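Q: Could you take a close look at one part of this model for me, the enclosed space inside it, and then walk outwards into whatever surrounds it?

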Amino acid sequence: MNDFTSFEIISGNRDKGMVILGDHAKRHLPERYGRLGLPETTFSRHIAYDIGIEGLCRQLSARLGVPAVLGGFSRLLIDPNRGEDDPTLIMKISDGAIIPGNHPITEEEWNYRIEAFHRPYHRAVNETIASVAEATGRAPLVLSLHSFTPAWKGVPRPWHASVLWDSDERAVLPLLAKLGADTNLVIGDNEPYDGALRNDTMYRHCMVTGIPHALLEVRQDLIGDEAGISEWAERLAPIFSAMNDDPALHEYKRYPSRTGPYDEA
């Protein structure tokens, strides 16, 4: 794969008990796929990656001194925030853009992308979370960062940021409260998406294992440049730090998922 890496681990102090994730941080593709038959301009759009999230993850990791794991490939290749059995794992059409390199796709190629890209990323997430748990002897606090478009199908989205979650409210409620304390912000609760998605990153690494977590979406126009990224990093760092200081956010407790019963081994 010409030394293509499916993830990047940003080093940090594992004794601090926090892990930051950026599933869709990057828009890279292995050389063998070219541009999946798409024009280069496609890779500046949200369908290729979460705009602003790589920079936000890097700044927060540096400010807080904690490790982060970034997905190393464009979600047009395969979506790391979907389960292996999800039909949208490899998209044929995304926001009106037909992806020639994904359709038609053989079963062999589908399985190859899972094995070569999707699984290595999730192994890196799992190993990083496990190393933090081992270092602290407690459950880590896992915070996942994403971004969403300012409008969808011509309809503006009013939220500056939103917290997505399933049923474990431990990290969610304080995050909503701390963000909501700023009267200049409109903060969504499971908007514009529902955070209960079976076998997505938060499900497989946190819901199933009982680890406190939250997924934060920031509107892309607010973090589309370095100034915006720095502004949000400055806003979020003390919030994340205060949450991390709460012992209740370092306990294992498994909540039932709104997606249905867990598959017990």
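What is the volume of the largest cavity?

A: About 80 Å³ is the volume of the largest cavity. Keep in mind that this is a predicted model. The search covered the whole structure and turned up 1 cavity of 30 Å³ or more.

Let's start with the walls. The lining of the largest cavity is made by Leu-164, Trp-165, Asp-166, Gly-195, Ala-196, Leu-197, Asp-200, Met-202, Tyr-203, Met-207, His-213 and Leu-215. Sort those residues by class and you get 8 nonpolar, 2 polar and 2 charged. Two elements, α4 (201–207) and β11 (213–219), each put at least two residues into this lining. The largest share belongs to α4, with 3 residues.

Now follow β11 out of the cavity wall and into its sheet. The sheet is open and has 7 strands with mixed pairing, in the order β1-β3-β2-β6-β11-β9-β10. The edge positions go to β1 (7–10) and β10 (187–189); each has a single partner strand, so one side of each has no neighbour in the sheet. On average, neighbouring strands here are turned by 20° against each other, if you ignore direction.

One of the pairings in this sheet joins β11 to β9 (residues 161–164), antiparallel and over 4 bridges. Within it, Ser-162 sits opposite Glu-217 of β11. Leu-164, one of the cavity-lining residues, falls within the range of β9 as well.

Then there are the helices that pack on these strands. Helix α1 (residues 53–64) packs on the sheet and touches β1, β2 (18–22), β3 (68–71), β6 (141–148) and β11. The direction of α1 makes about 165° with that of β2. Helix α3 (residues 172–180) lies across β9, β10 and β11, and runs at about 155° to β10. That puts β11 on the contact list of α1 and also under α3.

The other space to know about is an open one. The largest pocket has a volume of about 660 Å³. It is lined by 28 residues, and the closest to its centre are His-24, Arg-75, Asp-79, Arg-82 and Tyr-193. By class, the pocket lining comes to 9 nonpolar, 10 polar and 9 charged residues. Here β11 turns up again: β6 and β11 each supply at least two residues of the pocket lining. The largest share, 3 residues, is from β6. So if you're browsing the model, β11 is a handy thread, as one of the contributors to the cavity lining and to the pocket lining.

A few backbone details deserve a look too. Most residues other than glycine have a negative phi, and most peptide bonds are trans. Against that background, the peptide bond from Glu-191 to Pro-192 is cis, with omega near -5°. Pro-192 is in the loop between β10 and α4, and α4 is the helix with the largest share of the cavity lining. The peptide bond from His-103 to Pro-104 is cis too, with omega near 0°. Pro-104 belongs to the loop between β5 (97–98) and α2 (107–136). Leu-36 isn't a glycine, yet has a positive phi of about 60°. You'll find Leu-36 in the loop between β2 and α1.

Finally, zoom out to the whole protein. The secondary structure adds up to 5 helices and 11 strands. Along its principal axes, the C-alpha trace spans about 50 × 45 × 35 Å. A compact globule of 265 residues would have a radius of gyration near 18 Å, and the protein's 18 Å agrees with that.

Key: Residues numbered from 1 in each chain as written. Predicted model: local features only at pLDDT ≥ 70, side-chain atom pairs only at ≥ 80, totals over all residues. Heavy atoms only, no water. 1 Å grid on protein atoms, 1.4 Å probe; cavity = no way out; pocket = protein on both sides within 12 Å on 5 of 7 lines; lining within 4 Å. Points joined across faces, edges and corners; volume = space filled by probe spheres on them. Nonpolar A, V, L, I, M, F, W, Y, C, P; charged D, E, K, R; others polar. Pairing = 2+ DSSP bridges. Axes fitted to C-alpha atoms, helices over the stretch in contact; angles between N-to-C directions. Contact = heavy atoms within 4.5 Å. Rg over C-alpha atoms; globule rule 2.2 N^0.38 Å.
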